[in-house]
Amino acid sequence: MYRERSVKLGKERSAIREIFEYGNARAKEIGRENVFDFSLGNPNVPAPDCVREEIERLLREMPAEELHGYTSAAGAPDVREAVAAYIRTSFGVPMRPELVYMTAGAAASLTVTLHAVLDRGDEVVVIAPYFPEYKVFVEGAGGVVKAVRADGNFHLDVPAIGRAIGKKTKAVILNSPNNPTGAVYGEGEIAALAALLEEKSAEYGSPVLLLSDEPYRELTYGAEVPYVMNYYKNSVVCYSFSKSLSLAGERIGYIAVSPAAEEAETLFAAVCGAGRDLGFVCAPSLFQRVAAKCLGKTSDVSVYAENRDILYRALQKYGFDCVKPEGAFYLFVRSPEPSAAAFCERAKKYELLLVPGDSFGGEGYVRVSYCVAKDTILRALPAFEKLARSYGLVK
Ligand code: PLP
């Protein structure tokens with residue numbers, strides 16, 4: 001009676017949500033402070049001061065009809081210009097406001113872009129493990145996901161990507177810093193990927209787009225995040241302020257189409273058309289303005305850096321196998337037994353809530369989100385140690 005795909009998606013059990021709800025129930029039984037919930041990617045560091053200051057200023061000074069009113073479908077002109085200017089000065093790309101589309105976060109940036117470029121049956125390459133919603137976004141836009149495994153350190157396996165690209169491949173989605181692995185792709189691998197995409201675009205006679213999903217761009221621990229437009233012309237950046245400004249619930253981000261992309265204006269028109277199709281027009285107007293004022297600012301990343309160091313060192317010491325994250329706020333830990341779900345079940349006995357990697361296309365791993373209070377991590381360490389002991393990992 002109703003659209004089958006939507007009913008199925010709506011009813012589907014989300015591993016993360018289930019764990020979250022289990023955590024809430026458990027907190028009622030034994031107290032919140034005794035449950036160590038590492039399941040969610042919700043920033044716990046406060047938004048930087050510029051956010052509050054700008055909200056207060058706008059509330060005081062902006063005329064009522066503008067403050068909460070509609071902006072243009074693609075965003076307020078001054079906001080789009082501010083974003084374009086930021087991209088020009090920060091990354092040296094000659095970005096124009098006419099190629100910037102304000103969105104309700106990265107989810108909207110990706111969905112709109114995929115709807116703009118995919119025809120039914122077109123393929124989109126993603127790097128496994130990957131953010132599970134990619135499958136939903138791609139399939140919702142009529143596409144098919146082709147997952148390509150990252151290498152042993154969770155970096156790009158460019159030859160494998162090459163083997164996955166065929167006549168029907170419209171795009172490759174990159175996410176760096178990465179959820180769930182914390183990998184940050186370096187200049188060498190981005191350049192190699194760009195060369196591959198040039199070659200494949202020429203071979204098949206139409207551009208293979210590079211969609212860069214960048215909610216974690218600023219959350220790095222020393223690593224540089226190359227700006228894809230400087231390496232590959234047919235790029236689209238799907239940006240979000242959810243994590244950088246700790247504004248996940250306010251839903252604000254943007255799409256920036258590379259000015260060097262083939263028929264960039266037509267691609268941007270398709271973005272606008274897809275935005276209309278999906279009802280993703282006029283991103284939240286107050287937060288468009290706030291974001292424009294806070295470009296380049298971040299919440300205090302040193303909090304995540306400290307969490308990462310404490311947790312990574314401890315997990316190594318206890319004998320767990322994990323790669324040190326270079327960015328974002330996740331650790332991807334190898335399960336000591338083949339089933340990550342069984343490992344997560346055992347972790348629950350120690351009140352540790354972890355997410356099995358299976359839904360990320362990372363079987364045999366679990367994701368540990370360290371965007372939690374430092375105190376939670378410190379108090380959870382004995383539980384991690386006991387968990388390691390139960391597998392005979394601690395030497
Ligand atoms: N892409 C990745 C890799 C993410 O981790 C997330 C959220 O966690 C999103 C996209 C969606 O971000 P937003 O909240 O901006 O829609």
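**Exercise 1. Decide whether Ser299 is buried, partly exposed or exposed, and describe its surroundings.**

*Solution.* Start with the accessibility: Ser299 has a relative value of 4%. The cut-off for buried is under 20%, so Ser299 counts as buried. Keep in mind as you work that this is a predicted model.

Next, place the residue in the chain. Ser299 sits in the loop between helix 11 (285–293) and helix 12 (301–317).

Then look for what surrounds it. Setting aside neighbours within four places in sequence, Ser299 is in contact with Val45, Pro46 and Pro48, and also with Lys243, Ser244, Leu245 and Ser246. With Ser246 there is a polar contact as well: the two side chains are joined at 2.9 Å.

**Exercise 2. Work out whether Thr298 is buried, partly exposed or exposed, and find what it touches.**

*Solution.* Thr298, too, is placed in the loop between helix 11 and helix 12. Its relative accessibility is 28%. Since partly exposed covers the range between 20% and 50%, Thr298 counts as partly exposed.

Now list its contacts. Not counting residues up to four places away in sequence, Thr298 touches Pro48, Glu218, Ser244 and Leu245.

Finish with a distance. Thr298 and Gly279 are 19 residues apart in sequence, and their C-alpha atoms are 29 Å apart in space.

**Exercise 3. Describe how the protein surrounds the ligand, going from the shell to individual atoms.**

*Solution.* Begin with the shell. There are 14 residues around the ligand, and those that come nearest are Ala106, Asp213, Tyr216, Ser240 and Arg251. Sorted by class, the shell holds six nonpolar, five polar and three charged residues. Helix 6 (residues 105–117) supplies the largest share, with three residues.

Move on to the atoms. A backbone N or O atom of Ala106 lies 2.7 Å from a ligand oxygen, and for a backbone N or O atom of Ala107 the distance to a ligand oxygen is 2.9 Å. A side chain takes part too: an N or O atom of Ser242 is 2.8 Å from an oxygen atom of the ligand.

Last, consider the cover. On its own the ligand has 390 Å² of accessible area, and the protein covers 90% of that.

**Exercise 4. Trace the sheet that contains strands 9, 11 and 12, and say which strands stand at its edges.**

*Solution.* First find the order: the three strands form an open sheet, 9-12-11, with antiparallel pairing. Strand 9 (330–334) and strand 11 (355–356) each have a single partner strand, so they stand at the edges and one side of each is left without a neighbour in the sheet.

Now check each pairing. Strand 9 is joined to strand 12 by five bridges, and Arg334 stands opposite Tyr365 in strand 12. Strand 11 is joined to strand 12 (residues 365–369) by two bridges, with Val355 opposite Arg367.

Add the burial of strand 9: four of its five residues are buried, which leaves the strand mostly covered.

**Exercise 5. Examine the two faces of strand 2 and identify its pairing with strand 8.**

*Solution.* Take the faces in turn. In strand 2 (residues 100–103), Val100 and Met102 are on one side, while Tyr101 and Thr103 are on the other; all four are buried, and both faces are covered.

For the pairing, strand 2 and strand 8 (residues 253–257) are antiparallel over four bridges. As an example, Val100 has Ala256 as its bridge partner in strand 8.

**Exercise 6. Locate the unusual backbone geometry at Pro177, Pro180, Glu263 and Cys282.**

*Solution.* Here is the background: most residues other than glycine have a negative phi, and most peptide bonds are trans.

Look at the peptide bonds. Ser176 and Pro177 are joined by a cis bond with omega about -5°, and Asn179 and Pro180 by a cis bond with omega about 20°. Pro177 lies in the loop between strand 5 (169–175) and helix 9 (187–204), and Pro180 is in the loop between strand 5 and helix 9 too.

Turn to phi. Glu263, in the loop between strand 8 and helix 10 (264–278), has a positive phi of about 50°. Cys282, in the loop between helix 10 and helix 11, has a positive phi of about 55°.

Finally, compare their accessibility. Glu263 counts as exposed at 59%, whereas Cys282 is buried at 18%.

How values were computed. Residues are numbered from 1 along each chain as its sequence is written. This is a predicted model: local features need pLDDT of at least 70, side-chain atom pairs count only at pLDDT 80 or more; totals for chains, interfaces and linings use all residues. Side-chain values use heavy atoms; hydrogens and water are left out. A residue is near a molecule or strand if one of its heavy atoms lies within 4 Å of it. A polar contact is a pair of N or O atoms within 3.5 Å; within protein, one must be able to donate a hydrogen and the other to accept it, and residues adjacent in sequence count only if both atoms are side-chain atoms. Accessible areas come from the Shrake-Rupley method with a 1.4 Å probe; for residues, only the protein chains shown count as cover. Ala, Val, Leu, Ile, Met, Phe, Trp, Tyr, Cys and Pro count as nonpolar, Asp, Glu, Lys and Arg as charged, and the others, Gly among them, as polar. Two strands pair if DSSP finds at least two bridges between them. Buried means under 20% relative accessible area, exposed over 50%, partly exposed in between (1.4 Å probe, protein chains only). Contact means heavy atoms within 4.5 Å.
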